[in-house]
Amino acid sequence: MEERMKKAKTIRDAFANGKAFIPFITAGDPDLESTRSFILAMEKAGADLIEIGIPFSDPIAEGVVIQEADIRALASGTTTDKIFKMVEELREETDMPLVFMGYLNPVFYYGYERFFARCEEVGISGVIIPDLPFEEKDECVDIAAAHGVDVISMIAPTSEDRIMAIAKEARGFLYVVSSMGVTGVRSEIRTDLKSILTAIRAASDIPAGIGFGINTPEQAAQMAQLADGVIVGSAIVRMIAEHGKDSAPFISEYVKQMKDAIRETDERGKEEIR
C-alpha cells in the first residue's frame with residue numbers, strides 16, 4: 001500500500017497559485033466510499049484543499065446541517081480508524097492537501113501520538129480542533145509537529161485582543177471565523193473582517209482563509225477580496241443530505257462555480273496591482 005501512496009502536497013501548496021477554495025465534507029456521510037468519491041470530484045472541480053470532518057456526537061461549533069451529518073455518519077458505522085483507512089486508499093489517487101476538522105475528545109481518546117503518527121502515514125497535513133483553546137494548544141501541537149502535521153488555529157470576531165498572538169504562532173493557515181455562532185449558511189456577513197485580516201498580516205505572512213456562513217459565489221468573491229482562501233461547509237453538506245450517494249455531480253458544479261468566482265476576483269486583483 002505505501003509504495004502506491006502519493007506523497008501529499010503541503011498546505012502552502014494550496015495557496016501557491018492564488019486564492020484557495022477550501023470545501024468541507026463530513027467523513028462517512030452517507031458512507032465512506034461516497035466520501036472518497038466526493039473528495040475526488042471536488043478536486044477535479046477546482047478545490048485546492050479539502051477539510052474532512054471527523055464525526056462527533058457533540059459538535060458544539062456546528063449548526064444543524066453538520067450536526068445531522070455527524071449523526072448520519074456515526075449511524076453508518078464511521079470510526080476514526082475507518083476514516084484513516086479511507087484516506088490511505090484515497091492517497092493512491094490524489095496528492096492534494098487534506099486536513100481534518102475534529103473535536104478534541106476523539107483525538108484525545110485515540111491518543112495524540114497514535115493519532116498524529118497515523119496522520120503522517122496517510123498524508124494529512126493539518127488538523128483543526130475547534131474546541132482546543134489557544135492557551136492549551138501546546139498539549140498536542142508539539143506532538144503534531146513532530147509528525148509534520150499543523151494544528152490550525154481559529155480566529156473569531158471575539159478574538160480581537162489575541163489576534164496578533166494567535167497569528168504569530170499559527171501554523172499551516174489561519175481559519176478566520178466570519179460570524180458569531182455556529183456553522184451554517186448566512187444571507188449576510190457583517191463582521192469587520194478587513195480589520196481582522198489587517199491585524200493578521202501585521203503579525204504574520206501565514207495564509208488566512210475565511211469560513212462560516214459562506215454559501216454563494218457572490219459571497220465567495222467578496223471574501224476572496226479580503227483573504228487568501230474561502231472555506232465552505234454547510235452548503236455542501238446540505239447537498240449531501242438531499243442527494244445522498246448521488247451528490248457528486250451537484251457538488252462538482254457547486255465547487256466549480258465557487259472556484260470560478262474566487263479565481264475571477266483574484267485575477268482582477270492582480271490586474272489592478274499591475
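This note walks through some helix contacts, buried residues and salt bridges.

1. A word on the basis of the model: it is predicted, with local features needing pLDDT of at least 70 and side-chain atom pairs counting only at pLDDT 80 or more, while totals for chains, interfaces and linings use all residues. Residues are numbered from 1 along each chain as its sequence is written, and side-chain values use heavy atoms, with hydrogens and water left out.

2. Salt bridges are a good place to start: the structure holds 16 of them, each being a side-chain nitrogen of Lys or Arg within 4 Å of a carboxyl oxygen of Asp or Glu. Aspartate 48 and lysine 259 form one such pair, at 2.7 Å from N to O. The pair links distant parts of the chain, with aspartate 48 in the loop between helix 2 (32-45) and strand 2 (50-53) and lysine 259 in helix 12 (residues 248-273), 211 residues apart. Helices here are DSSP runs of H or I with at least four residues, and strands are runs of E with at least two, numbered from the N terminus. Lysine 259 is buried, with a relative accessible area of 8%; buried means under 20%, exposed over 50% and partly exposed in between, with a 1.4 Å probe and protein chains only.

3. Within helix 4 (residues 80-90), lysine 85 and glutamate 88 lie 3 residues apart, about one turn of the helix, and their side chains meet in a salt bridge of 3.4 Å, N to O. Lysine 85 is partly exposed at 38% relative accessibility, whereas glutamate 88 is buried at 12%. Both belong to a network of salt bridges that also links Arg118 and Glu121.

4. Do have a look at serine 153, in the loop between strand 5 (150-152) and strand 6 (154-155). Serine 153 counts as buried at 11% relative accessibility. Setting aside neighbours within four places in sequence, serine 153 is in contact (heavy atoms within 4.5 Å) with Ile166, Ala170, Phe173, Leu174 and Tyr175.

5. Alanine 224, in helix 10 (residues 217-224), is buried with a relative accessible area of 1%. Beyond its neighbours within four places in sequence, alanine 224 touches Lys19, Val230, Ile262 and Thr265.

6. Last comes helix 11 (residues 234-243), whose buried residues are Ser234, Ala235, Ile236, Val237, Met239 and Ile240. Glycine 244 follows helix 11 and has a positive phi, near 55 degrees.
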